[in-house]
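Colleague: I would like a close look at one part of this protein, the stretch around the annotated binding site. Please take me through it.

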Amino acid sequence: MKTLDQFNFAGKRAVVRVDFNVPLDADLRITDDTRIRMATPTIKKILADGGSVVLLSHLGRPKGGPDKKNSLRNIVARLQQEYGTEVKFADDVIGDEAAQLAASLQPGEILLLDNLRFHGEEEKGDPAFAEKLSKLGDVYVNDAFGAAHRRHASTAVMAQYFTPENRVGGYLMASELDNAKRVLENAERPFTAIMGGAKISDKIQLIEQLLDKVDYLIIGGGMSYTFAVAEGGSIGNSLLEADKVELATSLLAKAKAKGVQLVLPGDSIIANRFANDADIDVAPNHHIPAGWMGLDIGPESREIFADIIRKSKTILWNGPMGVFEMSNFSVGTEFVARAIAEATADGAFSLIGGGDSAAAVTQMGFADQVSYISTGGGALLEYMEGKELPGVAALEGR
């Protein structure tokens, strides 16, 4: 994959696929601008070389065409603040306005087009749509790692309409891949992976892959209760994937056979209903009373997990330990985040998966105390599972 430092953009117009799928509140204000900030080095490199930029992105999941809520017009002011210059905006993507504004760009200028997903052809990976997008510039730059697992027109098809020397991976794309490879291929030991979240079914392939790589596999969150049932426990009203109990049993056996220490919570913070103001107690994970549900790891589990994390040299974290959005069930996730920060300060390399893990680390104030926070979410998971990412394959000419 050709990278930015191998290319001079002087006099070139770069069509840059970014991932500006940022969360907006009810007043259409950005609540987390991480994805915007992470793309800035790529944009500034192009401008500093004397190039111009046409920005392509999606936002949200629009249905049936343009709408105000999912318009990228909502982020223009934030982009202008970020880049310190005017950002032109086109209400369309492949229409006359977009084409004319793109053609008139001068070196140092930026144009943002509206939401790619206002066009159904984008998610269908339509070649004709991709070819029209390609005519907006001289060079294709893909910096949207978060969408690299999608076989969409702008991520996986558009690249073929540029010569190999004019297809480039952005700084964020390169950084995401480098950090994922460091964990998968060059992990210093002990290597600990922490898996959380609701369902085993979301993480089956990743867990299978990690069993060949890690020393410790810590499992928390809702998925841990399916493992508790696999070990003969009673979990009350806790989350259970009944059809995955056999799989959990198999994973426990595989871990043992491979010499991996698969560590499950010994206790849970339990509640009599799914609410922050519910009655709360602590119970062993294998003996949660009827009518109660586990919503966070308990105090004993926090200490055990933290102790393993602190002595690790490579750490991968994907998924919270409980319902961290509710303050009464956020302690376990915060404990893990703090332990990862402490291990990182002690020289460990820590990679935080996208989605809820990234949100938790940021929300709890540890974002600048870990090695790398992925913007990827699903893309990082699929890469870790050993799947080919269409957006990366396209840059590499595959």
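Modeller: What follows covers the annotated residues and then the strands beside them. Keep in mind that the model is predicted.

The starting point is an unreviewed UniProt entry, which lists Lys203, Gly294, Glu325, Gly354, Gly355, Asp356 and Ser357 under "binding site". From this set, Gly354 and Gly355 belong to the lining of the largest pocket.

Two of the acidic residues can be placed in more detail. Glu325 sits in the loop that links β15 (314-318) to α12 (331-345). Glu325 counts as exposed because its relative accessibility is 53%, and the cut-off for that class is over 50%. Asp356 lies in helix α13, which covers residues 356-363. With a relative accessibility of 41%, Asp356 is classed as partly exposed. Neighbours within four places in sequence aside, Asp356 contacts Pro320, Phe324 and Glu325, so two residues of the UniProt list touch each other in the model.

Now the strands. β15, α12 and β16 form a β-α-β unit that is right-handed. β15 and β16 run parallel and are joined by four bridges; Trp317 has Ile352 of β16 as its bridge partner. Strand β16 spans residues 349-352, with Phe349 and Leu351 pointing to one side and Ser350 and Ile352 to the other. All four of these residues are buried. β16 also pairs with strand β17 (residues 372-373), again in the parallel sense, through two bridges. There, Ile352 stands opposite Ile373. Ile352 thus has a partner in each direction: Trp317 and Ile373 of β17.

Key:
Residues numbered from 1 in each chain as written. Predicted model: local features only at pLDDT ≥ 70, side-chain atom pairs only at ≥ 80, totals over all residues. Heavy atoms only, no water. UniProt positions renumbered as here; feature names shortened; annotations may be inferred. 1 Å grid on protein atoms, 1.4 Å probe; cavity = no way out; pocket = protein on both sides within 12 Å on 5 of 7 lines; lining within 4 Å. Buried < 20%, exposed > 50% of the residue type's maximum accessible area, 1.4 Å probe, protein only. Contact = heavy atoms within 4.5 Å. Pairing = 2+ DSSP bridges. Right-handed = clockwise from strand over helix to strand, strands pointing away.
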